[in-house]
Amino acid sequence: MRGRLIALGVALAVLVPLGYSWATSLVPGNYSAMDMGYADFGGGPAAEHMHHGGTSVTSLTGPAGTPAVAVKLVARKQKFSLASGESVDGFTLNGTSPGPLIRARLGDLVQVTLVNESVSSGVTLHWHGVDVPNAEDGVAGVTQDAVPVGGQHVYRFRAAQAGTYWYHSHQVSSKEVRDGLFGPLVIGAPGAAREIVAAIHTYDGKRTINGRTGSQSIALPAGTRVRVRVINTDNSLIRTGLVGTPYKVLAVDGRDLVGPTPTTAAFPLAAGARVDLEALVPESGALRLDAGSASLVLGANPTGTLSADTVDLLTYGTPSPVDLASARPTRTFDYRIGRHIGFLDGKPGLWWTINGHKYPDVPMFMVSSGDIVRMKISNTSGQSHPMHLHGHHALVLTRNGTPSTGTPWWTDTLEVADNETYEIAFLADNPGIWMDHCHNLPHAAEGLMTHLAYTNITTPYRIGGPTSNKPE
Ligand code: C2O
Ligand code: CU
């Protein structure tokens with residue numbers, strides 16, 4: 001009897017806390033991003049996070065007026081053929097994946113009408129890297145409801161910063177982006193160089209550039225100056241670069257670099273990030289863009305392969321003073337990525353943590369307009385994470401304590417490898433509720449996501465709920 005009681009006691013001692021951690025891990029059927037986790041004010045004023053009053057994200061729309069670029073994108077579930085012929089069962093925009101290139105000039109008002117013809121899980125469009133007004137950000141359950149089959153949604157924003165961007169669904173994004181709901185977006189008038197957009201994506205294990213597997217070519221004569229806008233739409237880092245002649249890294253994440261010098265090293269392109277590469281097609285004509293098993297020959301095919309060396313933006317280019325680097329921060333945050341055994345929404349596993357907390361009990365980074373924010377992103381989770389902050393560009397200050405001594409390095413999607421720590425700074429100049437998540441999208445779906453929220457902003461949308469908003 002006594003032995004049984006002890007056994008029962010031991011069993012309860014194990015099961016009760018286990019049951020408790022299971023029960024407390026359950027994610028409510030629907031909830032507001034404003035109720036997620038706990039507010040972290042970063043040492044700034046702890047203004048109450050408003051739920052009533054304040055400004056609704058619905059009012060933070062793009063400008064009125066006649067759009068200079070007006071595009072309609074129809075989302076479909078369908079079997080389609082890659083440009084190279086292989087068939088994919090996924091999703092398209094206007095019948096293709098990638099969707100059409102949207103090209104705007106600096107200052108243009110862009111208007112995109114998204115129509116959902118047959119994507120049963122609903123769709124949205126997020127303008128990755130474009131710091132749009134919050135209502136145009138396309139995050140289901142935070143800035144809008146997912147567009148159901150038969151519905152449509154109009155996005156409007158000013159093309160305010162020249163650069164290379166992309167768009168993708170932010171509803172069930174870990175599946176919808178993988179299966180085709182994305183496309184390239186370029187802002188800026190074409191310059192003197194020949195411009196080539198190279199959107200890299202892997203469909204069913206098949207690596208493609210602009211929807212073509214294998215090696216493809218564009219015949220460019222020797223002496224042509226070419227600018228290749230490379231977009232990583234996959235979930236992990238891609239080593240890319242030009243082979244055949246030294247090239248310059250002109251821009252990263254839609255921001256020009258200062259003093260780019262010729263390099264032959266490979267560029268480590270984070271998931272979701274973009275890089276603009278420039279070269280002159282050499283006398284021999286031999287030039288090629290490499291991206292794993294896919295490549296783009298830009299003249300004749302060089303015999304060489306991509307270098308084992310890697311461009312390091314911490315030292316690349318020429319320094320140039322940026323006020324933000326020396327400005328005194330008004331809020332300071334830690335974004336510590338770890339991993340912990342436990343339950344997530346009742347499922348046992350090894351789950352990502354932010355500052356020791358599992359989703360949805362994660363910190364909400366609270367700011368006010370005008371704040372100078374510093375954030376230290378560290379990672380001891382055993383894997384790399386390409387961290388993407390919506391609505392803002394951040395300046396990299398240090399990596400593992402070493403200051404950035406090259407070009408000012410502005411980023412919206414920063415690869416933080418295991419055991420790395422980055423300090424970044426940004427200006428809180430775009431009111432809203434903004435996702436700040438890992439762009440290895442299955443990781444985000446597994447809870448590696450939180451928000452940067454302005455204290456006076458509210459959202460009427462809910463994650464989950466009748467419209468099944470499921471941003472990741
Ligand atoms: Cu490219 Cu939150 O996404
Ligand atoms: Cu990740």
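In which sense, parallel or antiparallel, do strand 7 and strand 9 pair, and over how many bridges? In this predicted model, strand 7 (residues 109-116) and strand 9 run antiparallel to each other and are joined over seven bridges. Leu114 stands opposite His153 of strand 9.

**The open sheet**

These two strands belong to an open sheet of four strands, whose order is 5-4-7-9 and whose pairing is mixed. The edges are formed by strand 5 (87-93) and strand 9 (152-158), each of which pairs on one side only. From one strand to the next, the twist averages 25°. Strands of a sheet pair through backbone hydrogen bonds, and the pairing may be parallel or antiparallel.

After strand 5 the chain enters the loop that leads to strand 6 (102-104), and Pro98 has its place in that loop. The peptide bond between Ser97 and Pro98 is cis, with omega about -5°. Asn94 is found in the loop between strand 5 and strand 6 as well, and its phi is near 55°, a positive value in a residue other than glycine. With a relative accessibility of 35%, Asn94 counts as partly exposed.

**The copper site and strand 28**

The copper ion (ligand 2) is coordinated at 2.0 Å by ND1 of His385, SG of Cys438 and ND1 of His443. In sequence, the spacing of these donor residues reads H-x52-C-x4-H. Cys438 and His443 are both buried, and His385 is also among the buried residues, as part of strand 28.

Strand 28 (residues 385-389) is mostly covered, with five of its five residues buried. In a regular strand the side chains alternate between the two faces of the sheet. Here both faces are covered, with His385, Met387 and Leu389 on one side and Pro386 and His388 on the other. Strand 28 has an antiparallel partner in strand 32 (residues 413-416), to which four bridges join it, and within this pairing the bridge partner of His388 is Thr413. Strand 28 also pairs in the antiparallel sense with strand 34 (residues 433-438), over three bridges, and there Leu389 stands opposite Asp436.

**Aromatic rings and charges**

A search of the whole structure finds nine aromatic pairs. In one of them, the rings of Tyr335 and Phe365 have centres 5.5 Å apart and planes at 35°, so the pair counts as tilted; stacked pairs would need planes under 30 degrees apart, and edge-to-face pairs planes over 60. Because Tyr335 lies in strand 24 (residues 331-344) and Phe365 in strand 26 (residues 363-367), the pair ties together parts that are 30 residues apart in sequence. Both Tyr335 and Phe365 are buried. Elsewhere, Phe80, Trp166, Phe182 and Tyr203 form one aromatic cluster.

Two positively charged side chains are placed over rings, as the table shows.

| Charged residue | Ring | Distance to ring centre |
|---|---|---|
| Lys77 | Phe91 | 5.5 Å |
| Arg339 | Trp352 | 4.1 Å |

**Annotated spans**

An unreviewed UniProt entry lists residues 77-188 and 352-454 under "domain: Plastocyanin-like". In the model, residues 77-188 are 4% helix and 40% strand, and the end C-alpha atoms of this span lie 32 Å apart. Residues 352-454 are 5% helix and 52% strand, with the end C-alpha atoms 25 Å apart.

**Further loop residues**

A cis peptide bond also leads from Tyr359 to Pro360, with omega near 0°, and Pro360 has its place in the loop between strand 25 (347-354) and strand 26. Asn400, although it is not a glycine, has a positive phi of about 50°; this residue lies in the loop between strand 29 (394-399) and strand 30 (402-403). Its relative accessibility is 45%, so Asn400 counts as partly exposed.

Towards the start of the numbering, Pro28 lies in the loop between helix 1 (2-25) and strand 1 (30-31). Is Pro28 buried or partly exposed? Its relative accessibility of 44% lies between the limits of under 20% for buried and over 50% for exposed, so Pro28 counts as partly exposed. From C-alpha to C-alpha, Pro28 and Arg212 are 42 Å apart in space, and they are 184 residues apart in sequence.

Methods
Residues are numbered from 1 along each chain as its sequence is written. Chains are lettered from A and ligands numbered from 1 in the order in which they are written. This is a predicted model: local features need pLDDT of at least 70, side-chain atom pairs count only at pLDDT 80 or more; totals for chains, interfaces and linings use all residues. Side-chain values use heavy atoms; hydrogens and water are left out. Donors are N, O and S atoms within 2.8 Å of the metal (3.2 Å for Na, K and Ca); water is not among the atoms, so sites may look incomplete. Buried means under 20% relative accessible area, exposed over 50%, partly exposed in between (1.4 Å probe, protein chains only). Rings of Phe, Tyr and Trp (its six-membered ring) pair if their centres lie within 6.5 Å; planes under 30 degrees apart count as stacked, over 60 as edge-to-face and the rest as tilted. A charge sits over a ring if NZ of Lys or CZ of Arg is within 6 Å of the ring centre and within 35 degrees of the ring normal. Two strands pair if DSSP finds at least two bridges between them. Axes are lines fitted to C-alpha atoms, for helices over the stretch in contact, and angles run from 0 to 180 degrees between N-to-C directions. UniProt positions are given in the numbering used here, feature names are shortened, and annotations may be inferred rather than shown by experiment.
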